[in-house]
Amino acid sequence: MVRHTNIPVADLMCKIKNRKICFAGNRKLKIFGTLYCNSGKRMNEQNRVFFISKEEAIAQGYRPCGHCMSVHYEKWKRQLINKQNRDGPI
């Protein structure tokens, strides 16, 4: 995970071009999505972090964006509901 404020713009663009950064997330909300998501583009740079993969974001405790990653979000949501049904309310 790389914080937006810790990487120079030129390095960021190079990493995106070389696919070393593929997803962005909101550090405070713990949500991640594609680099082209309209919701993500509006987020404050202070809260923006970048990931190489979905797996990295999920391992860091982030959930998929409901807008740009709707299929992954629905899967995450079903797993959360199933867990609540098994274990009771969180």
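Mentor: Let's start with a term: a salt bridge here is a side-chain nitrogen of Lys or Arg within 4 Å of a carboxyl oxygen of Asp or Glu. Keep in mind as we go that this is a predicted model.

Trainee: Okay, how many salt bridges does that rule give?

Mentor: The count comes to one salt bridge. K83 pairs with D87, and the closest N and O atoms are 2.9 Å apart.

Trainee: Where do K83 and D87 lie?

Mentor: Both are in helix α4, which covers residues 70-87. They sit four residues apart, about one turn of the helix. As for exposure, K83 is partly exposed, with a relative accessible area of 40%.

Trainee: Let me step back to the whole chain. What does its secondary structure come to?

Mentor: Four helices and five strands. Reading from the N terminus, the elements go β-α-β-β-α-β-α-β-α. The C-alpha atoms fill a box of roughly 50 × 20 × 20 Å along the principal axes. Of the 90 residues, 29% count as buried.

Trainee: Now the strands. In what order do they line up in the sheet?

Mentor: To read a sheet, follow which strand pairs with which. Here the five strands form an open sheet in the order β1-β4-β2-β3-β5, with mixed pairing. At the edges are β1 (2-3) and β5 (63-64), each of which pairs on one side only.

Trainee: Which strands does β2 pair with, and in what sense?

Mentor: Strand β2 (residues 23-26) is joined to β4 (residues 48-51) by four bridges, and the two run antiparallel. β2 also pairs with β3 in the antiparallel sense, again over four bridges. You can follow G25 across the sheet: V49 stands opposite it in β4, and F32 is its bridge partner in β3. Next door, N26 stands opposite R48 in β4.

Trainee: Are the faces of β2 covered or open?

Mentor: The general idea first: in a regular strand the side chains alternate between the two faces of the sheet. In β2, F23 and G25 are on one side, A24 and N26 are on the other, and all four are buried, so both faces are covered, given that buried means under 20% relative accessible area.

Trainee: How many residues lie between β2 and β3 in their hairpin?

Mentor: Four, and K30 in that turn deserves a look, with its positive phi of about 60°. K30 is a residue other than glycine, and at 34% relative accessibility it counts as partly exposed.

Trainee: Which residue in the loop between α1 and β2 should I look at?

Mentor: R19 lies there. R19 has a positive phi of about 60° although it is not a glycine. R19 is exposed, with a relative accessible area of 67%.

Trainee: As a bench person I always check the cysteines. How many disulfides does the structure hold?

Mentor: Zero. To read this, look at the distance between sulfur atoms. For C22, the nearest cysteine sulfur is that of C68, 13 Å away. C65 has the sulfur of C37 as its nearest, 3.8 Å away. The cut-off is 2.5 Å, which means that the sulfurs of C65 and C37 do not count as a disulfide.

Trainee: Are C22 and C65 buried or exposed?

Mentor: C22 is partly exposed, at a relative accessible area of 28%, whereas C65 counts as buried at 7%. C65 lies in the loop between β5 and α4. For a sense of distance, C65 and N6 are 59 residues apart in sequence and 23 Å apart in space, C-alpha to C-alpha.

Trainee: Last one: pockets. What volume does the largest pocket have, and which residues lie nearest its centre?

Mentor: With a pocket, look at its volume, then at its lining. The volume here is about 230 Å³. The lining has 14 residues, and L12, I16, L35, R48 and F50 lie nearest the centre. The elements that give two or more residues to that lining are α1 (9-17), α2 (38-41) and β4.

Trainee: Which element gives the most, and how does the lining divide by residue type?

Mentor: α1 gives the most, with four residues. By type, the lining divides into nine nonpolar, three polar and two charged residues. Notice R48 too: it is among the residues nearest the pocket's centre, and it stands opposite N26 of the sheet pairing we went through.

How values were computed
Residues numbered from 1 in each chain as written. Predicted model: local features only at pLDDT ≥ 70, side-chain atom pairs only at ≥ 80, totals over all residues. Heavy atoms only, no water. Buried < 20%, exposed > 50% of the residue type's maximum accessible area, 1.4 Å probe, protein only. Pairing = 2+ DSSP bridges. 1 Å grid on protein atoms, 1.4 Å probe; cavity = no way out; pocket = protein on both sides within 12 Å on 5 of 7 lines; lining within 4 Å. Points joined across faces, edges and corners; volume = space filled by probe spheres on them. Nonpolar A, V, L, I, M, F, W, Y, C, P; charged D, E, K, R; others polar.
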